[in-house]
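I opened this notebook to record a few look-ups on charged side chains and on the packing of helices. The entries follow in the order in which I made them.

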Amino acid sequence: MPKRAYEKELRRLQIELVSLQQWVTASGARVLIIFEGRDAAGKGGAIKRIMQYLNPRTARVVALPQPSEREKGQWYFQRYIERLPAAGEIVLMDRSWYNRAGVERVMGYCTDEQYERFLRQVPVVERMLVDDGIIVLKYWYSVSDTEQEKRFRRRLNDPMRRWKLSSTDLLSITRWEDYSRAKDAMFERTDIDEAPWWTIESDDKRSSRINTIHHLLSRIPYDHLDPEPVDFPDRPGAVDADRPPQNGHRFVPDHAAAVA
């Protein structure tokens, strides 16, 4: 997608996202958006563009680390359930309970029994969420094997993104077919009418971001709300009062001037 067209449409869609959030806050709606896909598929970039201009008080990203020993002893969904949106909130899950059907299944981090129990329970859990009024959207980012490897190699040589490349990520190259089978099995058991999977072709990052935002806006029946009018007050004149001298403060050195 050409950069100029991308930036123009992204701005338009981000304005709509702000309108969506205003409606969510005013109406008390609850929105849960799940982002899944292979490593380096572009989930993080899409989430970043969605969140860029939203109010972080009522829109947040949930990206959980590995479970603690205590959390391993909980019901599998428990640590996710407590992070679901309350009234007037939007929650974006950067990976979710579907870890169990993906990396945990492929890498052997869960037992066959735990895996089968998850696949039985997750449609029940998601139907309960929808029945309670939560808007649930699930996106799967589909990236080709060649594009994934290109992105891994760019991360390897980029000091700002090197942290995004782990040994587990690299195993997704050698376990590509295993992940494909795990994804197919997951879709077969969890692609339900109440909370279906939506696939995003993500080899083109710009297109995938535009398609994601456009689609999620189309799936939420929000109303455009006019913001409350704001009257700018007149700034009062300066008060003739002594203030402490500036040389008594500590100022950050002007490194920017040295760079320029």
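In which helix is R209 found? I located R209 in helix α10, which covers residues 205-219. I note at the outset that the model is predicted.

**Entry 1: surroundings of R209.** I looked for a charge partner and found no salt bridge for R209, although the residue is buried. The nearest side chain of opposite charge belongs to D204, 7.9 Å away. A salt bridge requires a side-chain nitrogen within 4 Å of a carboxyl oxygen, so a pair at a distance beyond that cut-off is not counted. I then listed the contacts of R209, setting aside neighbours within four places in sequence, and obtained Y6, G45, A46 and R49.

**Entry 2: α2 against α10.** I next examined helix α2 (residues 43-51) together with α10. Their axes come within 9 Å and cross at roughly 55 degrees. This angle makes α2 oblique to α10. I recorded the crossing as right-handed. On the α2 side, G45, A46, R49 and I50 take part, and they meet R209, T212, I213 and L216 of α10.

**Entry 3: buried residues of α2.** Which residues of α2 are buried? I found K43, G45, A46, I47, I50 and M51. These buried residues pack against α10 and also against α1 (3-27), β1 (30-37), β2 (59-62), β3 (89-94) and β4 (135-142).

**Entry 4: salt bridges.** How many salt bridges does a search of the whole structure find? I obtained 20. One of them joins the side chains of R127 and E194, with N to O at 3.2 Å. This pair links distant parts of the chain, 67 residues apart: R127 lies in helix α6 (residues 112-131), and E194 lies in the loop between α9 (176-190) and β5 (197-201). I read R127 as partly exposed, at 37% relative accessible area, and E194 as partly exposed, also at 37%.

I then checked R154 and E147, whose side chains meet in a salt bridge at 3.6 Å, N to O. Here R154 is partly exposed at 40% relative accessibility, whereas E147 is buried at 14%.

For R161 and D158, the closest N and O atoms of the salt bridge are 3.0 Å apart. I noted R161 as partly exposed at 27% and D158 as buried at 18%. Lastly, I recorded a network in which salt bridges with shared partners join E36, D39 and R95.

Note on methods:
Residues are numbered from 1 along each chain as its sequence is written. This is a predicted model: local features need pLDDT of at least 70, side-chain atom pairs count only at pLDDT 80 or more; totals for chains, interfaces and linings use all residues. Side-chain values use heavy atoms; hydrogens and water are left out. Helices (H or I, at least four residues) and strands (E, at least two) are DSSP runs, numbered from the N terminus. Buried means under 20% relative accessible area, exposed over 50%, partly exposed in between (1.4 Å probe, protein chains only). Lys and Arg count as positive and Asp and Glu as negative; His and the chain ends are not counted. Contact means heavy atoms within 4.5 Å. Axes are lines fitted to C-alpha atoms, for helices over the stretch in contact, and angles run from 0 to 180 degrees between N-to-C directions. Angles under 35 degrees count as roughly parallel, over 145 as roughly antiparallel, 65 to 115 as roughly perpendicular and the rest as oblique. A crossing is left-handed if the near helix is turned anticlockwise from the far one by less than a right angle, and right-handed if clockwise.
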